Amino acid sequence: MKPHDFDYVRPTELDQVFDLIERHGDDARILAGGQSLMPTLNMRLSAPALLIDINRIDALKGLSVEGDMLRIGALTRHVELEHSPEVARHAPLLTKAIRHVAHPAVRNRGTIGGSLSLADPAAELPACALALGATLVLRGRDGQRRVPANTFFVDLYETARGEKEVLEAVEVPLATSSDRFGFGELARRHGDFAMVGLAAAARMAGGTIERLRLAFFGIGNVPVLSSAADLAAGRPLDADLVEVLRGAVGETLDPTDNLQASAAMKKHLASVLVGRVLGDMME
Amino acid sequence: MTTPISISLTVNGERVEAQVSPRINLVDFIRHQIGLTGSHVGCEHGVCGACTIRVDGAIVRGCLMLAAQADGTDVTTIEGLSDSGDAADLQAAFVARNALQCGFCTPGMLLTATEYLESGGTADRDSIREFISGNYCRCTGYQAIVDAIEQVASQRGRPSK
Ligand SMILES: Cc1cc2nc3c(=O)[nH]c(=O)nc-3n(C[C@H](O)[C@H](O)[C@H](O)COP(=O)(O)OP(=O)(O)OC[C@H]3O[C@@H](n4cnc5c(N)ncnc54)[C@H](O)[C@@H]3O)c2cc1C
Ligand code: FES
Ligand code: FES
């Protein structure tokens with residue numbers, strides 16, 4: 001279908017965006033890569049009166065190392081994450097994960113800021129943000145606010161971003177030689193949203209695990225960190241631990257049935273993924 | 001009433017200046033305002049890939065980008081790709097391998113396969129399948145399309161590793 005009529009503006013400064021949001025309120029929508037917004041407009045699931053195209057705002061672009069963080073501008077496209085040597089070095093989990101996001105033509109347009117702002121429950125990047133302990137940088141008229149990923153995803157398609165705020169960037173702690181990452185998902189076809197997925201990050205101390213994060217997506221309304229990961233502290237990353245976690249993870253998750261899979265099947269798939277993903281991380 | 005937007009872009013090497021309604025997407029603009037109907041429209045929500053167009057060197061969904069957003073860009077459609085001859089071997093292989101039946105998906109497939117090969121893709125069938133996973137074909141069952149792309153990758157000196 002074709003979308004309803006709307007007006008279109010393409011500001012080059014964030015202040016212009018705030019002016020427009022203040023003036024138009026709910027009638028205005030931010031347009032980034034458009035790979036999620038445009039389908040909803042075309043299907044008339046949403047009919048804003050004004051689209052604010054942020055693609056030419058330089059303040060939202062770029063990748064840079066700042067102190068012990070990799071700062072990824074909200075407008076960074078999936079394809080840039082995929083091929084960036086900085087990302088591969090400092091946030092290799094994103095390099096692994098991004099190939100599972102959609103298809104090449106969609107990755108050429110879709111942005112990390114769009115994916116995190118939308119917060120689709122089956123999306124890869126929100127779960128990666130959780131596993132990495134990332135921080136979301138929100139910009140409003142009166143300044144910046146930093147929100148840790150574990151409080152950013154509030155409910156289905158609902159985040160801690162205020163109506164008058166723009167997601168400016170995401171900051172990811174730089175990977176060290178003590179970090180190991182793993183990623184896996186089960187989808188019906190390559191590039192589809194996952195039935196269940198897992199982004200994992202382990203911080204090692206000598207031969208044992210200091211901290212493990214297991215971020216599941218596709219399970220419920222928001223990506224979740226499984227408390228089963230706490231069982232790993234102080235243990236080596238070995239086959240015994242993987243068995244323990246495979247058994248424990250189901251109890252810590254509260255999946256909802258959806259068209260993709262029943263709750264029981266999702267628990268099973270979560271356990272399968274723990275085996276695969278941690279298995280990869282052991283190598 | 002919404003305000004029309006003036007855009008200026010290059011389509012297949014030719015300069016185009018136009019007034020567009022903000023809500024018109026790039027593929028509809030190309031088909032109806034410019035009159036190049038090689039790019040097809042299927043699902044209109046990003047799933048089928050029939051509308052694949054190259055914008056500034058990278059393939060995109062023509063149904064998920066507004067014509068207004070193409071202001072200042074360099075657009076290539078299947079017509080331009082055909083005329084350039086850059087995909088002549090692919091087109092020949094599609095014909096030889098029977099990689100098209102109704103042809104509806106073919107322009108999008110050719111643009112996607114072109115990006116695959118130009119970005120260093122090899123004859124590895126799994127990689128080919130992964131790359132074309134966003135392009136639906138309801139006729140061929142994909143096997144013949146993968147055959148054709150595999151053949152051209154080999155011909156261009158990029159056998160599977
Ligand atoms: C066929 C297909 C398959 C897909 N498969 C997957 C998949 O497997 N996994 C996956 O994760 N995604 C998938 N996607 C979605 C894709 O990854 C989108 O690119 C992404 O979810 C949204 O990013 P965007 O830049 O396109 O955002 P847009 O569509 O432009 O915007 C999405 C929402 O976020 C808001 N927004 C965008 N940027 C900002 C910002 N900086 N600040 C505040 N609000 C903002 C918009 O107002 C809008 O509400 C798929 C899309 C398609 C069409
Ligand atoms: S018409 Fe654009 S992806 Fe189907
Ligand atoms: S040849 Fe008919 S859809 Fe592909």
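**Exercise 1. Characterise the interface of chain B and chain A, beginning with its polar contacts.**

Solution. Step 1: in this predicted model, 17 residue pairs are found in polar contact across the interface of chain B and chain A, counting pairs in which both residues have pLDDT 80 or more.

Step 2: turning to the elements of chain B that take part, β4 (58–61) and α5 (125–131) each contribute at least two residues to the side that touches chain A, and β4(B) has the largest share of that side, with four residues. By class, the side of chain B that touches chain A is made up of 13 nonpolar, eight polar and seven charged residues.

Step 3: the extent of the interface can be stated both in residues and in area. The contact involves 28 residues of chain B and 32 residues of chain A, and the two chains bury about 2,600 Å² between them, of which 51% is on carbon and sulfur atoms. Within the area that chain B buries against chain A, R23(B), L64(B) and Q69(B) account for 25%, more than any other three residues.

**Exercise 2. Which residues of chain B pair with K2(A) in salt bridges?**

Solution. Step 1: the count of salt bridges between chain B and chain A is four, while the structure as a whole holds 20 over all chains.

Step 2: K2(A) forms a salt bridge with E44(B), with an N to O distance of 2.4 Å, and the side chain of K2(A) also meets that of D28(B) in a salt bridge, at 2.6 Å from N to O.

Step 3: because K2(A) belongs to the segment before β1 (7–9) of chain A, whereas D28(B) belongs to helix α1 (residues 26–34) of chain B, this pair joins two chains.

**Exercise 3. Describe how domain 1 of chain A meets domain 2 of chain A.**

Solution. Step 1: the domain assignment divides chain A into domain 1 (7–53), domain 2 (58–173) and domain 3 (179–282). The C-alpha centres of domain 1 and domain 2 of chain A are 19 Å apart, and their contact takes 14 residues from domain 1 and 18 residues from domain 2.

Step 2: these two domains of chain A bury about 1,200 Å² between them, with 65% of it on carbon and sulfur atoms. On the side of domain 1, the residues that lose the most area to domain 2 are L14(A), F18(A) and Q35(A), which together make up 42% of what that side buries.

Step 3: three salt bridges are counted between domain 1 and domain 2 of chain A, and three residue pairs, both members at pLDDT 80 or more, are in polar contact across their interface. R141(A) and D19(A) form a salt bridge in which the closest N and O atoms are 2.5 Å apart.

Step 4: helix α1 (residues 14–24) of chain A gives the most to the side of domain 1 that touches domain 2, namely seven residues, and that side comprises six nonpolar, four polar and four charged residues.

**Exercise 4. Why is the site of ligand 1 described as shared between chains?**

Solution. Step 1: ligand 1 is surrounded by residues from chains A and B, and therefore its site is shared between chains. Of the 33 residues around ligand 1, those that come nearest are I30(A), G34(A), L37(A), T111(A) and E124(A).

Step 2: the polar distances can then be read atom by atom. An oxygen atom of ligand 1 is 3.0 Å from a side-chain N or O atom of R29(A), and an oxygen atom of ligand 1 is 3.3 Å from a polar backbone atom of A102(A). For L167(A), a polar backbone atom is 2.9 Å from a nitrogen atom of ligand 1.

Note on methods: Residues numbered from 1 in each chain as written. Chains lettered and ligands numbered in written order. Predicted model: local features only at pLDDT ≥ 70, side-chain atom pairs only at ≥ 80, totals over all residues. Heavy atoms only, no water. Domains from an automatic or database assignment. Contact = heavy atoms within 4.5 Å. Buried area = accessible area lost by both parts, 1.4 Å probe. Polar contact = N/O pair within 3.5 Å; in protein donor to acceptor, adjacent residues only side chain to side chain. Nonpolar A, V, L, I, M, F, W, Y, C, P; charged D, E, K, R; others polar. Near = heavy atom within 4 Å.
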